[in-house]
Amino acid sequence: MTVTVTLNRSELDYDVGMLAHVIMNRELAAGATLEQGWNYANTTDHSGEVHLISRFEENAINELIAAFARYLPDSITASDNNLSIAEVESFEFPFNVPDNFMLSYVRPLRSAMHEFVVNRTLFDWFIRTKPDEAGLYKELYEDALSKAKGYLNKRTGFIKIKPFPAI
């Protein structure tokens with residue numbers, strides 16, 4: 001059975017930008033100057049920071065693919081180092097799951113995967129711009145990955161496995 005989880009890029013970008021904006025406002029309220037604070041939230045224009053965010057998002061998606069490789073079909077045979085992710089509107093994960101996979105966990109799986117990508121992207125961003133903030137996002141993305149793996153392994157019950165070769 002195949003279960004497809006889709007992550008929309010616009011939602012991921014919105015959440016990354018909004019969280020960075022909230023952190024910038026918190027820094028400004030604590031007394032940071034605007035020049036210090038805008039670097040934390042400049043994720044919405046077409047500057048170099050946006051390309052860096054795209055690269056961090058690509059890293060998060062690729063880490064998610066690696067974490068769930070045993071459930072994904074083998075469809076990618078080559079790798080390059082370009083920012084083609086900027087043109088992608090959504091990321092689809094067609095998971096090959098057993099017939100007794102619990103389908104009620106598809107939405108929580110999607111939410112955990114979304115949370116992983118957002119927090120992994122923010123971790124990469126803050127490890128370079130504000131290292132004291134990055135540790136929190138590492139804990140969050142590791143927790144989200146753990147949740148996603150747990151949801152993907154939920155089963156409704158036992159299934160009989162035929163011996164190989166069938167006797």
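## A buried salt bridge

In this predicted model, the side chains of R9 and E57 come together in a salt bridge, at 2.6 Å from N to O. R9 sits in helix α1 and E57 in helix α3, so this pair ties together parts that are 48 residues apart in sequence. Are these two charged residues buried or exposed? R9 counts as buried, with 9% relative accessibility, and E57 is buried too, at 1%. Both values fall under the 20% cut-off, which is why the two partners get that label.

## Other salt bridges

Searching the whole structure turns up 7 salt bridges. One of them joins the side chains of E11 and R110, at 2.4 Å from N to O. That pair links distant parts of the chain, with E11 in helix α1 and R110 in helix α4, 99 residues apart. Here the partners are partly exposed: E11 has a relative accessible area of 33%, and R110 has 23%.

Then there's K147 with D143, whose closest N and O atoms are 3.8 Å apart. How many residues separate K147 and D143 in helix α5? They are 4 residues apart, so about one helical turn lies between them. K147 is partly exposed at 36% relative accessible area, and D143 is partly exposed at 37%. Back at the R9 end of things, salt bridges with shared partners join R9, D13 and E57 into one network.

## T121 and its neighbours

E57 shows up again in the surroundings of T121, a residue of helix α4. Leaving out residues up to four places away in sequence, T121 touches V16, I53, F56, E57 and A60. T121 has a relative accessible area of 0%, so it counts as buried.

## The nonpolar core

Which residues touch the most other members of the largest nonpolar core? That core has 36 residues, and the ones in question are L7, L64, F68, F93, F95 and M113. At least two core residues come from each of β1 (2–8), α1 (9–29), α3 (48–67), β2 (90–96), α4 (106–129) and α5 (131–152). Helix α4 gives the most, with 10 residues.

F93 is worth a click in the viewer. Not counting residues up to four places away in sequence, F93 touches V3, T4, V5, L7, I61, L64, I65, L72 and M113. Among those contacts, L7, L64 and M113 are also on the list of core residues that touch the most other members.

## Aromatic rings

The whole structure holds 6 aromatic pairs. F93 and F95 make one that is stacked, with 6.1 Å from centre to centre and 15° between the planes. It counts as stacked because planes under 30 degrees apart get that name. F93 and F95 are both buried. Together with F68, these two phenylalanines form one aromatic cluster. F68, F93 and F95 also appear together among the core residues with the most contacts to other members.

## A nonpolar patch outside

Not every nonpolar side chain is tucked away. Y14, M18 and V22 form a nonpolar patch on the surface, and together they have about 300 Å² of accessible area. M18 has its place in helix α1. At 35% relative accessibility, M18 counts as partly exposed. Helix α1 therefore holds both M18, which is partly exposed, and R9, which is buried.

## The overall picture

What pattern does the protein follow along the sequence? Reading along, you get β-α-α-α-β-α-α, made of 5 helices and 2 strands. Of the protein's 167 residues, 37% count as buried. The accessible surface comes to about 10100 Å², with 55% of that belonging to carbon and sulfur atoms.

Contacts lean towards long sequence separations. Taking contacts between residues at least 6 apart in sequence, 81% join residues at least 24 apart. Two of the salt bridges described above span separations of that kind: R9 and E57 are 48 residues apart, and E11 and R110 are 99 residues apart.

Technical notes. Residues are numbered from 1 along each chain as its sequence is written. This is a predicted model: local features need pLDDT of at least 70, side-chain atom pairs count only at pLDDT 80 or more; totals for chains, interfaces and linings use all residues. Side-chain values use heavy atoms; hydrogens and water are left out. A nonpolar core is a set of buried Ala, Val, Leu, Ile, Met, Phe, Trp, Tyr and Cys residues joined through side-chain atoms within 4.5 Å. Buried means under 20% relative accessible area, exposed over 50%, partly exposed in between (1.4 Å probe, protein chains only). Contact means heavy atoms within 4.5 Å. Patches are made of residues with over 30% relative accessible area and no salt bridge: like charges are joined within 9 Å, nonpolar side chains (Val, Leu, Ile, Met, Phe, Trp, Tyr) within 5 Å. Accessible areas come from the Shrake-Rupley method with a 1.4 Å probe; for residues, only the protein chains shown count as cover. A salt bridge is a side-chain nitrogen of Lys or Arg within 4 Å of a carboxyl oxygen of Asp or Glu. Rings of Phe, Tyr and Trp (its six-membered ring) pair if their centres lie within 6.5 Å; planes under 30 degrees apart count as stacked, over 60 as edge-to-face and the rest as tilted.
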